[in-house]
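Please open the model in your viewer and keep the selection tool at hand. The tour below proceeds from one pocket to the next.

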Amino acid sequence: MISATRRLALVGLLALAACSKPAAKTTEAPEPTEVTFSILSTENAQTQMKDWGPFLKDMETATGLKVKPFFGSNYTGIIEAMRFKQTDLGWFSNNSGLEAVRRAGGEVFARTADPNGHDGYQSVLIVKKGSGITLDKVLSCDKTLNFGMGDPKSTSGTLAPMTYLFAPRDIDPTRCFKTVRSANHESNLFAVGSGVLDAATNNTESIARLAMQDSAMARRTMGAIDVIWTSPTIPEDPMIWRKDLDPRTKAKISKFFFSYGVGDGDEAKRQRAILARILTAPFKHADDSHLIPVREMEATNNLIEAKNKGDAAEIAAAQKALAEVQAERAALEKKG
């Protein structure tokens, strides 16, 4: 048997050994050296790279990160890319941005700002100039027109015209027109301008972007389209990053975004000229509450569709959802 004295000595030696054992080292994950920046597909990739390239290059210089562009073939593509961590941040429409926040781990951190001081933009309906096609003709649903919608996740190309124009009149575009095709805004502009489509949805920003293009096709198209319907104002587009992005990377990106084009001097003027190419003034701070108006549009559209179907359960659910988002908006407006 071990005596009490020897037992106490042994306990002491074990305790001393435990105290003298070097503490386990904690290793911090290495900071990322590159990020992938997604750009929503409102125009073709070549046009977008021409507009966004100088901005992304300045982002590389300022942050020390390699910035790789990602052009999705459609809005769903950039949502899925963020969902599977193939992209880290990017420019989204409000509707696609809402989906990125809901199911792709996205988080709003900034928003664009109109260079002319208008806080927002509008969805529009365009026709070929001189065609004689009026809004009443479009809404007559006589199945004689070839019609162009935006991407299904486009705010101005699909959600806004459905919410403000078609759904209140119980119009389903797929049953209203001779043909319906979905395409990006630039393709729809060219298609209407050339007479391939009789009418299409679009937005004021894409038309302004087309007007800036120095090409014969752009000039012909601008002179060949008329706007026959304009929506209420839609909030500016959100910039979204992955919520789980490294905090050190977020800090670098945030510093760049909110200082870019700010202030006086030649460098700030140069930066603002680059921003003008992508139709924004210096970026503004934002968070997920920026998406409340588009959630309200979505809920309104769902309620209209439920009423058109006459489904009592769907109507009740849609009314509840709309009331909830309207309460959120009221609370936000009251707060400031």
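A pocket, as the word is used here, is an open set of grid points where a 1.4 Å probe fits, with protein on both sides within 12 Å along at least five of seven lines. Its volume is the space filled by probe spheres set on those points. The model on display is a predicted one.

**First stop: the largest pocket**

Begin by selecting Asp-119, Ser-289, His-290, Pro-293 and Leu-332, which lie nearest the centre of the largest pocket among its 17 lining residues. Strand 9 (225–234), helix 13 (292–309) and helix 14 (312–335) may be coloured next, since each of these elements gives two or more residues to this lining. Helix 14 gives the most, with three residues. The space enclosed here has a volume of about 460 Å³. If the lining is coloured by residue class, six nonpolar, five polar and six charged residues will appear.

**Second stop: the second largest pocket**

Now select Asp-170, Glu-305, Ala-306, Asn-308 and Lys-309; of the 14 residues that line the second largest pocket, these lie nearest its centre. This pocket holds about 280 Å³ of space. Which element gives the most to its lining? Helix 13 does, with five residues. Keep helix 13 and helix 14 selected and add helix 7 (173–176), for each of the three supplies at least two residues of the lining of the second largest pocket. By class, that lining divides into six nonpolar, two polar and six charged residues.

**Last view: both pockets together**

To finish, display helix 13 and helix 14 alone: both contribute to the lining of the largest pocket and to that of the second largest pocket.

How values were computed. Residues numbered from 1 in each chain as written. Predicted model: local features only at pLDDT ≥ 70, side-chain atom pairs only at ≥ 80, totals over all residues. Heavy atoms only, no water. 1 Å grid on protein atoms, 1.4 Å probe; cavity = no way out; pocket = protein on both sides within 12 Å on 5 of 7 lines; lining within 4 Å. Helix = DSSP H or I, 4+ residues; strand = E, 2+ residues; numbered from the N terminus. Nonpolar A, V, L, I, M, F, W, Y, C, P; charged D, E, K, R; others polar.
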